[in-house]
Amino acid sequence: MDIPYTTAARPDTGVNNPTLGIWLFLSSEIMLFGSLFSAYALIRGGADQWPDQSSVLSVPLGAINTALLVLSSVTLGRALSALRSSTHPTGGADLYGPRSYRLLMAATILLGLAFLGIKAFEWNEKLAHGLVPSTNNFLGLYFTMTGVHAAHLVGGILVNAYLLGPGMRLWRTEPERYAGRIAAARLYWNLVDVVWIALFVVLYVM
Amino acid sequence: MFRKYLFSTDHKVIGLQYALTSLVFLLLGFILILLIRWQLAYPGAPVPVVGPWLGEANAPGGVILPEFYNQLAAMHGTIMVFLGVVPLAVGAFGNYVTPLQLGAPDMAFPRLNMASYWVYFTGGVIMLASFFVPGGAANSGWTSYPPLADIATSGQTWWLAGILLLSISSLLGSVNMITTIVQLRAPGLTWFRLPFFVWSQLVTAFLLLLAFPALQAAALLQGMDRLAGTSFFLPSGLVVSGRALSVAGGGSALLWQHLFWFLAHPEVYVLILPAMGIVAEVIANNTRKSLWGYRLMVYSIFVLGFLSFAVWAHHMFLTGMGTAVSAFFQATTLIISIPSVVVLSALVLSLYGGSIRFTVPMLFALAFLPMFGLGGLSGLPLGLAPSDIALHDTLYVVGHFHYLVAPGTIFALFAGIYYWYPKITGRMMNSTLGAIHFAGSLVCMNLIFMPMFIQGLGGVNRRLWDGGQQYAHAQELARLNIPMSHASWALALFQLFFIVNLFGSLKFGRRATTNPWHATTLEWTATDSPPLAHGNFATPPRVYRDAYEYSVPGAAADFTPQNEQAGS
């Protein structure tokens, strides 16, 4: 039994199943983060006093993290084009995909891990100074929102690592389907990136 | 074996898994309310028969404690909505029927489908397990309003965990459903040839996809309040049991209500839309006519879907959110009643001039129309802020939404079960047992829910452990609880006819032909009953005509299948 349109686009809708599926998933994710941002707006709007955010959090660290994540979106995008522009696998060195693809994918994963490392350092700094989620609602929102975001990042890193590792099998049998998965992973990663930029602006700068 | 029945990726097996699990949950939610009905009719009297099994902590000597009553009420709502009706309407019917009506070999993402069921199942198990933790299950109502829910016993944390899983399950399911409907329609099955049931599933899936994340976020925030000591929903200066709560404060209890109802109002339409879809199928089939105003109905449910995101705060007129906000939500609420009335009117008009076959599914579908109408019309006074101020939190509200969901949606679900049973099993359900089940349920449900309007108009509040007897104004009206409760137990007895029929017909039911109802849609005309195990169709069907070509003048029979070529 074959399910139609897993790789080829359906002529009258112009998309294939995974592309439509990932966009729908992302729309739901936007509603999730949108709800969290709304909660932030409502709580901050109703608060008598609000801490000076940029003095509580470290703007330079946040900025570095923003740069890392933007860069990782670039590397993942380049990885996808490297994959798409390579000829279909005929054996030999191409068995694991083009070399540039593997390097760019690995760089994406490492950049993601670096982001998480800095994030963990930041959290630890706060906790060590007794600034915990229950201290005030700003810190509560900070930990919750960056925590949900970090969980999304962990998920993305695991998927990317799987796709670069055991998931590569699909490249040898159905290269187009494999490229489709990378394309979906990239869309997800871009969303996580965009959400972070919004978090950085709202939590660190505003 | 495991792959075939337990961890199957076949949409039909997953649909049946959803069906059985959600029916068990419906029964369970029903049993909880039977206990509540005992307490309301005879407050403080020990529960007969099952009393000793309820546990000393819950019901010493069989007498239901107020704390346990709160658990029963909160979990009745939670189980019925999140674990019973929606999974049956969307998970079971959506999963089983939609790909067959589309002429598709399966759902677009079969493994995601399996994951969706098992996440739902785990969420359900967590909800049930919460009855056995210290302090029992969640007891702050199915709406889990803080600050109460923030400081409630640990069952509330389990409730939040369960809700998170259920929202993940519904996310996976709705992505799958939309992709399937958009991408896997058979050749020739253009948008306006889709059966109305498919449209209803499409709009429902969009509501689940975009509304549930709000509750997900809310559940995360409440989880932080409960576990990490944040005060997102706790205002400053809160006093609990005479002592000031030692939290940072500064939060907003209203925030929870906004996030909760942003999900829960669209969720109301998630309960209703698939029911409308099922009723439309059954009515077209049993009037032997095409639906009156099919396109109008499709447009209406789209309007319904969009507007359902803009009415949520009509649940909050009494919160002091301000008259301007109230006026806005009152206006949208009255506007949303228009498409609902259009759909209902179209269904009623579809009956006109038909030669109606009074089959069991049709009986349920016919009863759905006035019952749903009653539920909808009784909602109008609640949508208007001035009258809602008097009626809010009374039994009138309980009567209103139970008319929509019980003799409304659940009747439609019964109609669907009787209608598609031969498709699933290859056998018919017994129609005598079905008619008894129908008549008994219809009478009993009205005996239970109609007096609630009277009690509510008399000012009796809901969620009262003694049914309101401590209030002078409720003394007279509380007496109605006795016949209401007797009707609820009679309702339970009539469900036995259904249960016997459901399982007995597997063995003793009359063998069904492939298309016993002489229907036109693909699930009946392009594959056997029961359908092929994998892939559904021996040859992929092709569609040549609209969904409901019944009684077409000049046609060979009074129905023309969608996959029948012109001139053949």
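What follows is a short dialogue on reading a predicted model with chains A and B.

Biologist: Since this is a predicted model, where do I look for the confidence in chain A, and what is its mean pLDDT?

Modeller: Start with pLDDT, the predictor's confidence in each residue, from 0 to 100. The mean for chain A is 94, with 96% of its residues at 70 or more. Chain B averages 96, and 99% of the residues there score at least 70. For the complex, the predictor gives an ipTM of 0.96 and a pTM of 0.97.

Biologist: Which elements of chain A have the lowest and the highest mean pLDDT?

Modeller: The lowest belongs to helix α6 (residues 169-173), with 88, and the highest to α5(A), with 98.

Biologist: Good, now the fold. How many helices and strands does chain A have?

Modeller: Chain A comes to 7 helices and 0 strands. Its C-alpha trace spans about 65 × 35 × 25 Å along the principal axes. Of the contacts in chain A with a separation of 6 or more, 78% join residues 24 or more positions apart.

Biologist: What span should helix α7 of chain A have?

Modeller: Here a little arithmetic helps. The expected span is 1.5 Å times one less than the number of residues. Helix α7 of chain A (residues 175-205) has 31 residues, so it should span 45 Å; its end C-alpha atoms are 43 Å apart, which agrees. You can try it on helix α5 of chain B (residues 155-183) as well: its 29 residues should span 42 Å, and the ends are 42 Å apart.

Biologist: Which residues of α7(A) are buried, and what covers them?

Modeller: To judge burial, count neighbours: a residue is buried if 20 or more other C-beta atoms lie within 10 Å of its own. In α7(A) the buried residues include A:Y178, A:W189, A:D193 and A:W196. Their cover includes α1, α2, α3, α5 and α6 of chain A. Over the whole chain, 33% of the 206 residues are buried.

Biologist: And why is α5(B) called largely enclosed by the rest of the structure?

Modeller: Because 25 of its 29 residues are buried.

Biologist: Last one: how many residues does each chain bring to the contact?

Modeller: Chain A brings 30 residues and chain B brings 34. On the chain A side, α1 (17-45) and α5 (137-164) each supply at least two residues. Helix α1(A) gives the most, 14 residues. By class, that side of chain A has 16 nonpolar, 13 polar and 1 charged residues.

Technical notes
Residues numbered from 1 in each chain as written. Chains lettered and ligands numbered in written order. Predicted model: local features only at pLDDT ≥ 70, side-chain atom pairs only at ≥ 80, totals over all residues. Helix = DSSP H or I, 4+ residues; strand = E, 2+ residues; numbered from the N terminus. Buried ≥ 20, exposed ≤ 12 C-beta atoms within 10 Å, placed from the backbone. Contact = placed C-beta atoms within 7 Å. Nonpolar A, V, L, I, M, F, W, Y, C, P; charged D, E, K, R; others polar.
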